[in-house]
2 protein chains.
Amino acid sequence: MSHATHITAGSVVLAELRRAIATGELAPGQQLVQESLAERFGVSRVPLREALQVLEAEGQVVHQVHRGYFITELSLPDLIEVYRLRAVLEAEAARVAVPLLTDDDVEALAELAARIEDASEAGEVGAMIEANRAFHFTLIDAAAMPRLSRLVASLWDATDVYRSVYYGSATNRERVDHEHASIMAAIRNRNATTLIGELDAHREHAVAELASLVL
Amino acid sequence: MSHATHITAGSVVLAELRRAIATGELAPGQQLVQESLAERFGVSRVPLREALQVLEAEGQVVHQVHRGYFITELSLPDLIEVYRLRAVLEAEAARVAVPLLTDDDVEALAELAARIEDASEAGEVGAMIEANRAFHFTLIDAAAMPRLSRLVASLWDATDVYRSVYYGSATNRERVDHEHASIMAAIRNRNATTLIGELDAHREHAVAELASLVL
DNA sequence: GGTTCAAGGATTGTATCCAATCCTGAGTAG
DNA sequence: CTACTCAGGATTGGATACAATCCTTGAACC
């Protein structure tokens, strides 16, 4: 009741910051000067700091006392760690979710997969990223483990910087479409083991591609 | 570096709040009235809210816009989810850590296990809880996966409320000592599979005991 | 030339103050 | 008696103002 209804200045700033980080508008390593950002968003420093503290707890920014906030720089080992943790947690989610999937869930997943493909062919990177996230989190949320969903979400957020780069490539987009088809097949068969294998491969390709970019 | 040196009002309040939550001084479900708490800690509401926002990001408190912060109530499903996530993540940590363990690490772990036992026999619950946490996180940190350590730490924090209850019982303390002995044996043998099994059993006993208390 | 040190401004941390929202309870109508 | 309404106080969200810290810059000294 109070989630969508009450938009607070802090939540607006938080969303804006998230977007700016995801698009690379705020580059890794860059200092976030509070007064400039506050002015840019048209708020005071208080709600801005609110948002920054949330991002710090998620690992999106780092904080040094009396020095300020900086966008976290993701090293290659960091990237690998994030994807390894995702593998562990998303496998658990899949294991729990598969037996719980209703036909409606499968239907919704198929629809999202189609939407991803449309965006992919049209080259609409932003739309594809959004639909892709919805697709994967529909599956993860189906496990009905809210904390698990939150943990995985924060891991996704950590690599948001690179996502637009990854989907910028048409070959990557095409591969993703094929992988999603395999994932959907495993979901339709209610085969958790196969599904986990497909998800692992899906992630492996992404991390391999990203690793070559980070270097 | 900058952790111990720069004590900010917010960090002091955060530590105090953590302690108060862990000891049950602040009970689950209770509202946290900002002005009262600020006065109690001798700071203004600004750094207090800072601390509360951090705790919210960790799931220790929940927030409702214009209504305030409340200590999270952990339902039985929540408790089970936390322990299931710990199982998944700590297993991964053990898998990674075992091949990396130096003799010094094993030495340190043995020492901590001894310290736990001493505290256990003396009935010093606080000291036991602290040493126990150090013991388990020495192992987890040995995996050299900082994000993993942070995630697991936040899961531990989520059930801090119940830890003092659990260790309040002498039979529980005794069982924990035995389990730690088995865990140490697996560590000494560098046997990750056995270790994970022992850790799982260790956790299972705890969650079973806590479940009976929560009801 | 390189190093040390002290202003001064720039930036962050905190307190105080105001605005917006919520909660309570008395009163009223049905 | 119950349900509704609407002040008034209580509490939170946010802005402004002040204090503490840091970072630069330039001059003095070796």
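## Two protein chains on two DNA strands

A phosphate oxygen of DNA strand D sits 2.4 Å from an N or O atom in the side chain of A:Arg67. That is a good place to start in this predicted model, where both protein chains have residues close to strand D. The two chains can be superposed by a turn of 180 degrees, and below we go through each DNA strand, the pairing of the chains, and two helix packings.

**Around DNA strand D**

- There are 22 residues around DNA strand D, and those that come nearest are A:Thr8, A:Ala9, A:Ser44, A:Arg67 and B:His63.
- B:His63 places a polar side-chain atom 2.9 Å from a phosphate oxygen of DNA strand D.
- B:Leu32 takes part through its backbone, with an N or O atom 3.4 Å from a phosphate oxygen of DNA strand D.
- Sugar or phosphate supplies 74% of the atoms of DNA strand D within 4 Å of the protein, and bases supply the rest.
- At least two residues each of the surface near DNA strand D come from helix H1 (9-22) and H3 of chain A, and from strand S1 (31-32) and H3 of chain B.
- H3(A) gives the largest share of that surface, with three residues.
- By class, the surface near DNA strand D has seven nonpolar, ten polar and five charged residues.

**Around DNA strand C**

- Here 21 residues surround the DNA strand, and A:Arg45, B:Thr8, B:Ala9, B:Ser44 and B:Arg67 come nearest.
- Of the atoms of DNA strand C that come within 4 Å of the protein, 73% belong to sugar and phosphate.
- A:Arg45 reaches a base: one of its polar side-chain atoms is 2.7 Å from a base nitrogen of DNA strand C.
- A:Arg49 turns to the backbone of the DNA instead, with a polar side-chain atom 2.8 Å from a phosphate oxygen of DNA strand C.
- B:Ser44 uses a polar backbone atom, which lies 2.7 Å from a phosphate oxygen of DNA strand C.
- Two or more residues of the surface near DNA strand C come from each of these elements: strand S1 (31-32) and helix H3 (45-58) of chain A, and helix H1 (9-22) and helix H3 (45-58) of chain B.
- That surface is made up of seven nonpolar, ten polar and four charged residues.

**How the two chains pair**

- Chain B lies on chain A with an RMSD of 0.1 Å after a turn of 180 degrees and a shift of 0.1 Å along the axis.
- This is the relation of a two-fold axis.
- The copies meet through the same surface, because 100% of the interface residues of chain B are also interface residues in chain A.

**A helix packing between the chains**

- Helix H7 (residues 146-158) of chain A and helix H4 (residues 76-97) of chain B have axes that come within 9 Å and cross at roughly 45 degrees.
- H7(A) and H4(B) are therefore oblique to each other.
- From H7(A), A:Pro146, A:Arg147, A:Leu148 and A:Leu151 meet B:Glu81, B:Val82 and B:Leu85 of H4(B).
- The residues of this contact are five nonpolar and two charged, with no polar ones.

**A helix packing within chain A**

- Helix H2 (residues 34-41) of chain A packs on H3(A) at an angle of about 105 degrees, with the axes 9 Å apart.
- H2(A) and H3(A) are therefore roughly perpendicular to each other.
- H2(A) brings A:Gln34, A:Glu35, A:Leu37, A:Ala38 and A:Phe41 to the contact, and H3(A) brings A:Arg45, A:Leu48, A:Arg49 and A:Leu52.
- Five nonpolar, one polar and three charged residues make up the contact of H2(A) with H3(A).
- Among the H3(A) residues in this contact are A:Arg45 and A:Arg49, and these also have side-chain atoms close to DNA strand C, at 2.7 Å from a base nitrogen for A:Arg45 and at 2.8 Å from a phosphate oxygen for A:Arg49.

Key
Residues numbered from 1 in each chain as written. Chains lettered and ligands numbered in written order. Predicted model: local features only at pLDDT ≥ 70, side-chain atom pairs only at ≥ 80, totals over all residues. Heavy atoms only, no water. Near = heavy atom within 4 Å. Polar contact = N/O pair within 3.5 Å; in protein donor to acceptor, adjacent residues only side chain to side chain. Helix = DSSP H or I, 4+ residues; strand = E, 2+ residues; numbered from the N terminus. Nonpolar A, V, L, I, M, F, W, Y, C, P; charged D, E, K, R; others polar. Least-squares fit on C-alpha atoms with pLDDT ≥ 70 in both. Contact = heavy atoms within 4.5 Å. Axes fitted to C-alpha atoms, helices over the stretch in contact; angles between N-to-C directions. Parallel < 35°, antiparallel > 145°, perpendicular 65-115°, else oblique.
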